[in-house]
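Me: I want the reasoning behind the labels, with each value set against its cut-off. Can you take me through it?

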Amino acid sequence: MSSPMPGAFTSISIFAFDLDDRGQPVRAWERVFVGKEAGAVEEAREAARTHAGALVVKREGHPAVGEVGDPVILFQTGKIGDFN
C-alpha cells in the first residue's frame with residue numbers, strides 16, 4: 001500500500017443555502033470542517049433545519065504538483081445552489 005504524497009490534503013466543507021427573493025438558492029455560508037465526515041454530515045443536517053438546503057463536499061488535493069480534485073458530494077438536502 002502506498003503512503004499519501006507529502007503535502008496532500010483532504011478538505012471537507014459544509015455549505016448552507018437560503019432562498020433569494022425569486023426563490024432561488026443562494027449560499028448563506030460555508031465552513032471548512034475539521035473532523036470526520038460523519039460529523040460534517042450531522043452539522044449539515046442541523047443547518048438544514050434553519051436553511052433551505054445544506055451540502056457537505058470533500059476535495060482532495062496535491063498542492064506540490066498543482067492538483068486539486070473534483071468535489072465529491074457526501075451529503076445534500078433541500079435546495080442547493082452553486083458551491084464552487
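Reply: Start with contact: it means heavy atoms within 4.5 Å. The model is predicted, and local features need pLDDT of at least 70, side-chain atom pairs count only at pLDDT 80 or more, and totals for chains, interfaces and linings use all residues. Residues are numbered from 1 along each chain as its sequence is written, and side-chain values use heavy atoms, with hydrogens and water left out.

Me: Which residues is valine 68 in contact with, leaving aside its neighbours within four places in sequence?
Reply: Arg59, Glu60 and Gly61.

Me: What makes valine 68 exposed or buried?
Reply: Buried means under 20% relative accessible area, exposed over 50%, and partly exposed lies in between (1.4 Å probe, protein chains only). Valine 68 has 55% relative accessibility, so it counts as exposed. Valine 68 belongs to strand E4, residues 67-68. Its C-alpha is separated by 28 Å from that of aspartate 18, a residue 50 places away along the chain.

Me: What makes residues 67-68 enough for a strand?
Reply: Strands are DSSP runs of E with at least two residues; helices are runs of H or I with at least four; both are numbered from the N terminus. E4 covers residues 67-68, so it meets the strand cut-off.

Me: How many helices and strands does the protein have, and in what pattern?
Reply: One helix and five strands. Along the sequence they run β-β-α-β-β-β. The C-alpha atoms fill a box of roughly 50 × 25 × 15 Å along the principal axes.

Me: How do you know that the buried residues of H1 line one face?
Reply: H1 spans residues 37-47, and its buried residues are Ala40, Val41, Ala44 and Ala47. Seen down the helix axis, they fall within an arc of 120°, so they line one face. That arc is of the directions from the helix axis to the C-beta atoms. An α-helix has 3.6 residues a turn, so residues three or four places apart point the same way.

Me: What covers those buried residues of H1?
Reply: The cover includes strands E1 (9-19), E2 (25-33), E3 (53-62) and E5 (72-78).

Me: Why is lysine 58 called buried or exposed?
Reply: Its relative accessibility is 18%, so lysine 58 counts as buried. Lysine 58 sits in strand E3. Beyond four places in sequence, lysine 58 touches residues including Thr10, Ser11, Ile12 and Glu37. Asp70, Pro71, Val72 and Leu74 are also among its contacts.

Me: What makes the pair of lysine 58 and glutamate 37 a polar contact?
Reply: A polar contact is a pair of N or O atoms within 3.5 Å; within protein, one must be able to donate a hydrogen and the other to accept it, and residues adjacent in sequence count only if both atoms are side-chain atoms. The side chains of lysine 58 and glutamate 37 make such a contact at 3.1 Å.

Me: Which side chain makes a polar contact with that of histidine 51?
Reply: That of tryptophan 29, at 3.3 Å. Histidine 51 lies in the loop between H1 and E3. Outside four places in sequence, histidine 51 touches Ala16, Phe17, Asp18, Ala28 and Trp29.

Me: What makes alanine 48 buried, exposed or partly exposed?
Reply: Alanine 48 is at 24% relative accessibility, so it counts as partly exposed. Alanine 48 lies in the loop between H1 and E3. Not counting residues up to four places away, alanine 48 touches Ala54 and Thr77. Alanine 48 and histidine 62 are 14 residues apart in sequence and 31 Å apart, C-alpha to C-alpha.

Me: Why is glycine 53 called buried or exposed?
Reply: Its relative accessible area is 0%, so glycine 53 is buried. Glycine 53 lies in strand E3. Its C-alpha is 4.6 Å from that of lysine 79, although the two are 26 residues apart along the chain. Lysine 79 is one of the residues glycine 53 touches, and Phe17 is another.

Me: And phenylalanine 17, buried or exposed?
Reply: Phenylalanine 17 has 0% relative accessible area, so it is buried. Phenylalanine 17 is found in strand E1.

Me: How many residues of the protein count as buried, as a percentage?
Reply: Of its 84 residues, 26%.
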